[in-house]
Structures are given as C-alpha cells and as structure tokens.
Amino acid sequence: MQFVRSVAHGAFEYISRGNAERLWIHYAVALMVIFGLLVATQMVNRAIIERGTAVAEVNGTSSNQILLGHDVLILAEATLFEDSDYSAALADAITAFENAHQQVKQTDIWSKELQQHYFASPAPLDIAVADFVDLARQLDGVSLAEQQQFLTQLKASFTREKLKGALLEATHLIAVAGQAELDRLSNWQRMLIRLSVVLLIIEVLVIFLPAQLIVRSNIRQLKAQGDTLRRSEARLQEANGQLEHLINHDALTGLPNRGSLITYLRTVLADKDAAEMAVLSIGLDGFKSINDTAGHEFGDDVLTCVACTLKSCVDEDHIVARIGGDEFVVISDEAASAVIKRIRSSFSDPIQIRGRRLPIAMSIGFLEISDGRQDPIGVMRDVGLAMQVAKNQGGNRTQRYESQLREDIGSMHQLQLDLTDAIKNGEIEPWFQPQIRMSDGRLHGVEVLARWRHPTRGLLTPDKFLSAAELSGQMVDVDHCIWRSAMDYARQWQESAIWRPCISLNAAPDTISDPHLIGRILLQMQQ
C-alpha cells in the first residue's frame with residue numbers, strides 16, 4: 001500500500017507541474033504495450049491449440065499407417081487363399097499405406113531424432129517402407145508357385161525386419177517432438193503472462209478499472225484455454241486407447257484379429273514351459289450365399305452370433321479370433337477332439353437371426369502344437385490348409401493337418417491347370433455303359449461316362465478329376481466337351497448304319513443351372 005501511495009503521489013506531483021499531457025502519452029504507450037502483450041499471448045495460445053491439433057493429426061496418421069500395413073498383409077494373404085479376387089483391394093491398401101507415409105514425411109513437426117530415424121539410421125524407415133511397398137506390389141505379378149514365397153517375405157519385412165516396430169517408434173518420436181514444441185510455446189506463454197501481470201500492476205495505479213477488467217478477462221481466457229487443452233488431451237488419450245483396441249481386434253465381432261493372434265502364438269511358442277495347445281481353423285460353409293441372398297447386414301449378424309457361440313465353447317483364458325471373412329481361429333490347451341465336439345454340439349441346432357432359423361455348417365481344420373513348432377505364421381498356414389481341405393471335401397467336415405495335405409493340394413492345383421489343356425486337346429473321352437432292356441434283354445441305349453486320358457498320369461476316372469473341375473469352375477466345359485464327343489460317335493454309328501443310338505448324358509448342377517443349357521445342346525446336335 002505504501003508503494004501504491006508513493007506512486008500515486010508522484011503522479012499527482014507530476015501532473016501539478018504541468019506535465020499532464022506528457023503523462024497521458026506515457027499512459028497511451030503503456031496501454032499499447034499491454035495490448036501488444038495481450039495480442040501476443042492470444043497468438044501463442046492459439047498456436048498451442050493449433051499445434052496440439054496438428055500433433056494429434058500427424059500422430060493419428062502415423063498410427064493409422066500401422067493399421068494399413070496390417071491390411072496389406074491380410075489382403076495379400078486373402079488374395080492367395082480366398083475364392084474372391086482381392087487384388088484391387090490390395091492395391092488400394094498399398095496406396096493408402098504409401099500415402100500415409102508421405103503425409104507423415106511432409107509434416108512440419110520434425111526433430112533431429114525423427115530425421116535420423118527416417119533417413120539416417122542403420123535401417124532407415126523411409127527405405128524400409130519403400131521396400132515393403134515394392135514387395136507388396138510385386139505379389140500380384142508373380143506366378144502362382146512363387147506367390148507363397150513372396151507372401152512370406154512380405155510378412156517377414158513387416159514383422160521380423162522390424163518395420164512395424166519402426167513405425168511405432170516413429171509415432172512415439174512424433175509425439176515427443178510435438179510435446180517439445182508445445183512446451184516451448186507454453187514457456188513463451190508463461191513469460192508473456194508474467195510480463196503482462198507486472199505491467200498491469202504498474203498501470204493499476206493510474207487506470208485502475210480498465211486494468212482490472214483486462215486482468216479478469218485474461219484470467220478467464222487463460223482458464224478456458226487450459227480447460228480446452230485438458231479436454232483435448234483427454235480426447236487424445238481416449239482416441240489412442242481406441243486406436244490400440246482397433247489395431248488388435250476385429251471391428252465387427254470385437255474378437256482378437258490376425259495380428260493379435262500371431263503375437264499370442266509367438267509368445268506361446270517361445271514359452272518352453274507352456275502346455276500343449278490345440279489350434280482350430282473354422283470356416284463357415286456357404287457364407288457367401290448368405291451375404292448374396294440375405295444381405296451383408298444379415299451376414300454380419302451371423303458372424304457376430306457365431307463369434308459369441310464360439311467364445312462360449314472355450315474358457316475365458318483361451319483365444320477365439322476372427323482372422324478374416326468367415327474364418328475364425330480357436331486356441332485352447334484342451335484336447336482338440338473335446339473342443340471340436342463342444343463346438344459341433346453348440347451348432348447342431350439352427351441359430352436364430354432376425355426371426356429366422358439358420359443352420360450353420362462349418363469346416364474345421366486343426367493341429368496340436370508340439371515343442372518343435374516355432375513359426376506362428378507356419379502354424380496359421382498349416383491349420384488354414386487343413387480347413388480348406390475340409391471345405392474341398394464337401395464341407396461340414398473336420399480335418400487334422402498332416403504333411404501329406406500340402407502335397408495333395410499341390411497335386412490338385414496342378415490337375416486344375418492341366419484340365420484346361422485337356423479340354424482343348426480332347427483328352428476327356430466319352431466311355432459308353434450299355435443300358436439293357438429287361439423285357440427282352442436287348443440293348444436299349446448307353447450312358448455316357450467321362451474318362452481323362454492324362455499324358456503323364458494315365459487314364460483317370462471321374463472321382464480323380466471332377467473335384468478339380470468343380471473347384472476351378474470348369475465343370476460346365478467338361479460336360480459339354482463329353483457331350484460333343486459322344487454326339488460325334490452317335491453320328492458315326494448312325495451314318496454307318498450300325499445303330500440308331502439312345503444316349504443318356506450326365507450333367508453337373510452348374511451345367512443344369514445354366515439358363516442357356518437347352519440352346520447349347522440343340523446347337524451341338526445341329527452341328
């Protein structure tokens with residue numbers, strides 16, 4: 001108070017000596033200084049909010065790049081093992097992954113550590129990303145025999161070669177760089193606030209009311225901005241938690257996804273004291289037709305119901321994951337036979353979906369992890385192969401993984417490739433089975449049977465190659481090829497006056513469902 005009185009008294013004496021006009025000039029200059037400080041404080045506060053938002057966006061883009069990397073791996077594997085064509089989706093995922101990387105590189109939130117991490121470390125992240133993108137884009141152009149090797153290299157470049165870890169480290173470094181910049185702006189903010197308070201205390205002696213109003217307004221503004229920053233920080237933490245959950249879980253069912261499952265398998269395989277585990281790959285039979293006829297929303301409800309039912313079949317500490325489409329994986333320390341029996345029992349009755357009773361058929365492949373297995377990707381590949389074999393054998397079956405299955409699948413693929421040339425080269429031959437009339441014992445007609453005179457495997461009966469024709473979508477071509485050959489023989493018999501034949505033709509369901517079937521038969525007969 002004494003200081004205030006002294007200053008007030010000095011101001012009074014200064015005015016009384018005729019210097020009032022100069023005093024008001026001093027007041028005006030002081031007010032301009034105060035105003036300038038307030039504007040600078042406002043600009044710093046706005047910069048803090050804008051930089052905080054920019055840091056959050058860049059951090060989100062960097063984190064999203066990891067999700068896009070997982071999408072590339074999942075779509076690359078789906079391109080090999082699923083019936084649908086995922087090439088376009090894979091190309092989009094690769095482009096999105098590369099765009100996210102370019103967006104992070106173009107940000108102005110940069111630091112020496114980030115520069116070194118991206119461009120100057122022993123394994124620069126920029127080169128690792130470029131190698132991963134190049135390798136992923138080569139997958140669509142390689143041969144069928146080399147695709148599996150390329151897929152293995154692609155997964156290795158993302159996991160074993162530390163690309164995923166490098167992306168996580170980049171996200172951390174971006175957060176650190178952003179926080180350092182926010183701290184610098186906060187220091188400027190505090191300095192400006194201190195200077196403003198000092199000048200306000202001085203000016204209160206001569207312009208008390210305006211100064212008081214400015215101080216109150218500034219305090220309220222700073223408090224509101226502090227609350228905004230705290231709310232932004234809370235939202236950022238919540239978003240990071242949700243992002244972490246999305247990285248490791250399937251968005252539809254909430255189950256662990258492929259990446260989370262492989263991480264769990266890697267931990268189990270590395271633990272030498274862990275109990276023997278059973279791994280089941282479960283694929284729903286005919287799920288595509290459910291989506292096509294009832295719609296994708298109905299199909300999503302089916303997947304959600306199946307996920308809940310599978311979770312009820314195992315203990316809480318066991319794993320049920322969805323790794324894509326209609327494929328689930330169960331990992332349990334129980335015997336595989338017990339888990340499979342419980343799952344089959346749970347789906348023995350139709351499930352209720354939107355008032356409809358829907359029977360669920362599923363193909364199950366399984367194996368039991370022994371001490372010698374170390375590769376989680378290999379485990380997933382083997383059990384998925386066993387499940388695919390179960391599907392190929394008609395579905396709603398259970399198949400244990402054996403090394404012979406891989407050879408059988410390779411043989412089946414080769415047979416599918418050979419079948420295209422066999423149809424063109426006339427290797428599919430008609431064989432005629434006599435039909436005898438019971439009333440008089442005379443020949444009534446013949447049933448046309450298919451035989452494949454394979455150039456290396458010899459004469460193949462239908463049970464050896466029809467499944468390959470069905471899987472490759474060539475069943476209709478095989479039927480018409482046999483019919484044409486049979487009609488040629490019938491014409492020769494008729495022209496040679498040997499016999500006017502009555503021919504019985506066999507047809508696959510795909511052939512019968514062809515809307516142009518009658519027209520094609522009539523055309524062949526006319527020719």
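**Exercise 1. Classify the accessibility of aspartate 440 and describe its salt bridge.**

Aspartate 440 has a relative accessible area of 41% and is therefore partly exposed (buried means under 20%, exposed over 50%, partly exposed in between, with a 1.4 Å probe and protein chains only). The model is predicted: local features need pLDDT of at least 70, side-chain atom pairs count only at pLDDT 80 or more, and totals for chains, interfaces and linings use all residues. Residues are numbered from 1 along each chain as its sequence is written, and side-chain values use heavy atoms, with hydrogens and water left out.

Next, the partner: the side chain of aspartate 440 meets that of arginine 437 in a salt bridge at 3.2 Å, N to O (a side-chain nitrogen of Lys or Arg within 4 Å of a carboxyl oxygen of Asp or Glu). Arginine 437, at 33%, is partly exposed.

**Exercise 2. Determine which parts of the chain the salt bridge of arginine 354 and glutamate 297 ties together.**

Step 1: the N to O distance in this salt bridge is 3.9 Å. Step 2: arginine 354 lies in the loop between β4 (351–353) and β5 (356–358), whereas glutamate 297 lies in helix α10 (residues 296–312), so the pair ties together parts that are 57 residues apart in sequence. Helices (H or I, at least four residues) and strands (E, at least two) are DSSP runs, numbered from the N terminus. Step 3: arginine 354 counts as exposed at 53% relative accessibility, and glutamate 297 counts as exposed at 58%.

**Exercise 3. Locate the salt bridge between glutamate 368 and arginine 400.**

Step 1: the two side chains meet at 3.9 Å, N to O. Step 2: glutamate 368 belongs to strand β6 (residues 362–369) and arginine 400 to strand β7 (residues 398–400), so the pair ties together parts that are 32 residues apart in sequence. Step 3: glutamate 368 is partly exposed at 30%, and arginine 400 is partly exposed at 39%.

**Exercise 4. Assign the geometry of the aromatic pair formed by tyrosine 489 and tryptophan 493.**

Step 1: the structure holds three aromatic pairs. In this one, the ring centres are 6.3 Å apart and the planes stand at 45°, so the pair is tilted. Rings of Phe, Tyr and Trp (its six-membered ring) pair if their centres lie within 6.5 Å; planes under 30 degrees apart count as stacked, over 60 as edge-to-face and the rest as tilted. Step 2: both residues lie in helix α15 (residues 475–495), four residues apart, about one turn of the helix. Step 3: together with Phe432, they form one aromatic cluster.
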